[in-house]
Amino acid sequence: MKSFSHRSADDWLHQIIQQEREMNHPVKGVDHVFLLVSNLDEAAKRYAELGFTISPRGLHSAAKGSANHTIMFPEDYFELLGLLKKTPGNAGRFEALERMGEGLHAIACRIDDASEASKALGDLGIATEGLGSFERPVPLPDGTEGIAAFSTVAFTSEEVPFGTVFMCQHRTRETVWLPELIKHPNSACGLNAILAVSEDPQQDADAFARLWANSTVAKTPTGAQIETGKASAPLELFTPQSLKETYPWLDVSSLPKGAFAGLRIDVQDIKKVRASLDAANIAAHPTAKGLAVAPVDACGTIVEFVAK
């Protein structure tokens with residue numbers, strides 16, 4: 001009869017608990033992220049100059065007082081979010097923009113059903129808030145108008161070390177992932193990683209890891225990395241010093257305070273990125289992985305392009 005050591009028994013129990021957690025945890029990866037920007041028209045113009053295809057402006061409800069442009073990829077996307085007028089419904093975002101500055105404020109996670117996700121996370125001891133649904137009109141290629149419908153629920157601030165992390169259920173994927181929006185002059189094809197700065201990367205990584213079902217944490221030379229799921233952008237944490245060493249041209253004061261630092265974007269052809277930047281007279285900073293644009297040229301966000 002085969003005998004097991006205490007250590008192997010502990011490992012076996014841990015594996016069973018982890019498998020059960022993954023089975024019951026409803027959050028399967030990163031769906032998209034959003035940049036909260038000071039001037040939506042200027043942000044759309046700048047990201048077009050960076051070589052991205054920009055969706056038509058999407059107007060939110062009067063209560064939300066906001067609008068957006070999306071930058072779509074086959075599996076995920078990012079969003080430029082602007083505040084048009086102050087309302088009771090967006091007072092918190094206005095305050096965050098004034099206090100933190102523009103830039104990468106939020107991560108939206110993949111879920112199948114917002115209401116069920118809220119309950120399942122509660123059963124796992126992970127707190128959520130703000131369960132709700134909304135719609136916005138979408139201009140379609142044939143000149144008609146469709147509706148994009150979403151349901152969302154957020155992790156409470158106590159669950160998130162910094163920034164905002166919420167969950168997004170797409171109820172009308174066909175009006176969001178429009179084929180003509182997925183092709184970009186700079187050849188961008190997906191989110192490679194979300195970048196952030198942390199005073200204690202290991203502690204913050206362990207806290208963030210609770211938010212995804214299939215998360216793992218690895219120590220890195222610059223801090224820590226959280227894998228967020230299959231075909232999903234990881235969250236990469238840097239110490240303040242390692243961020244500066246990685247991007248020596250970076251003016252840290254241009255990043256939003258208490259939010260995320262940047263995006264790493266997969267591209268098919270780095271030469272097309274350089275062509276877009278050269279055409280717009282935007283400085284391209286070589287990095288160990290590819291080319292990067294400083295926050296001053298990207299609405300408060302490091303944007304780094306890497307060849308896939």
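This passage describes a sheet, a helix packed on it, selected buried residues and the nonpolar cores of a predicted model.

The sheet is open and contains eight strands. Their order is S10-S11-S12-S9-S13-S16-S15-S14, with mixed pairing. Strand S10 (216–220) and strand S14 (285–286) form the edges, each pairing on one side only. S14 runs antiparallel to strand S15 (residues 290–293), and two bridges join this pair. Within S15, Ala-292 stands opposite His-285.

Helix H7 (residues 270–279) packs on this sheet. The helix touches strand S13 (262–267), S15 and strand S16 (302–307). Its direction makes an angle of about 30 degrees with that of S15. Val-273, Ser-276 and Leu-277 are the buried residues of H7. Viewed down the helix axis, these residues fall within an arc of 95 degrees, so they line one face of H7. Their cover includes helix H2 (40–49) as well as S13, S15 and S16. On the other side of the helix, Lys-271 and Ala-279 are exposed.

Both ends of H7 show local detail. At the start, a side-chain oxygen of Asp-269 comes within 2.9 Å of the backbone nitrogen of Lys-271. Just after the helix, Asn-281 adopts a positive phi of about 60 degrees.

Asp-269 also takes part in a contact with a loop residue. Ser-187 lies between strand S8 (164–170) and strand S9 (188–197), in the connecting loop. A polar atom of the Ser-187 side chain is 2.8 Å from the backbone nitrogen of Asp-269. Ser-187 is classed as buried because its relative accessibility is 9%, under the 20% cut-off. Beyond residues up to four places away in sequence, Ser-187 touches Asp-266, Val-267, Gln-268, Asp-269 and Lys-272.

A second loop residue, Asp-297, sits between S15 and S16. Its relative accessible area is 18%, so Asp-297 also falls under the 20% limit and counts as buried. The Asp-297 side chain makes a polar contact with the side chain of Arg-46, at 3.3 Å. With residues up to four places away in sequence set aside, Asp-297 touches Arg-46, Leu-50, Ile-282 and Ala-283.

His-69 belongs to strand S3 (residues 66–72). Its relative accessibility is 8%, so His-69 is buried too. The His-69 side chain reaches the backbone nitrogen of Arg-57 at 3.4 Å. Leaving out residues up to four places away in sequence, the neighbours touched by His-69 include Leu-40, Ala-44, Ile-54, Pro-56, Phe-78 and Leu-80. Asp-31 is 38 residues from His-69 in sequence, and the two C-alpha atoms are 16 Å apart.

Nonpolar side chains tend to be buried together in soluble globular proteins. In this model, the largest nonpolar core has 56 residues. Tyr-47, Phe-78 and Ile-265 have the most contacts inside that core. The contacts of Tyr-47, not counting residues up to four places away in sequence, include Leu-35, Phe-52, Ile-71 and Phe-78. Ala-298, Cys-299, Thr-301 and Val-303 are also among the residues touched by Tyr-47. A second core is separate and has 20 residues, including Leu-97, Ala-154, Phe-166 and Val-176.

Terms used. Residues are numbered from 1 along each chain as its sequence is written. This is a predicted model: local features need pLDDT of at least 70, side-chain atom pairs count only at pLDDT 80 or more; totals for chains, interfaces and linings use all residues. Side-chain values use heavy atoms; hydrogens and water are left out. Two strands pair if DSSP finds at least two bridges between them. Helices (H or I, at least four residues) and strands (E, at least two) are DSSP runs, numbered from the N terminus. Contact means heavy atoms within 4.5 Å. Axes are lines fitted to C-alpha atoms, for helices over the stretch in contact, and angles run from 0 to 180 degrees between N-to-C directions. Buried means under 20% relative accessible area, exposed over 50%, partly exposed in between (1.4 Å probe, protein chains only). A polar contact is a pair of N or O atoms within 3.5 Å; within protein, one must be able to donate a hydrogen and the other to accept it, and residues adjacent in sequence count only if both atoms are side-chain atoms. The arc is that of the directions from the helix axis to the C-beta atoms. A nonpolar core is a set of buried Ala, Val, Leu, Ile, Met, Phe, Trp, Tyr and Cys residues joined through side-chain atoms within 4.5 Å.
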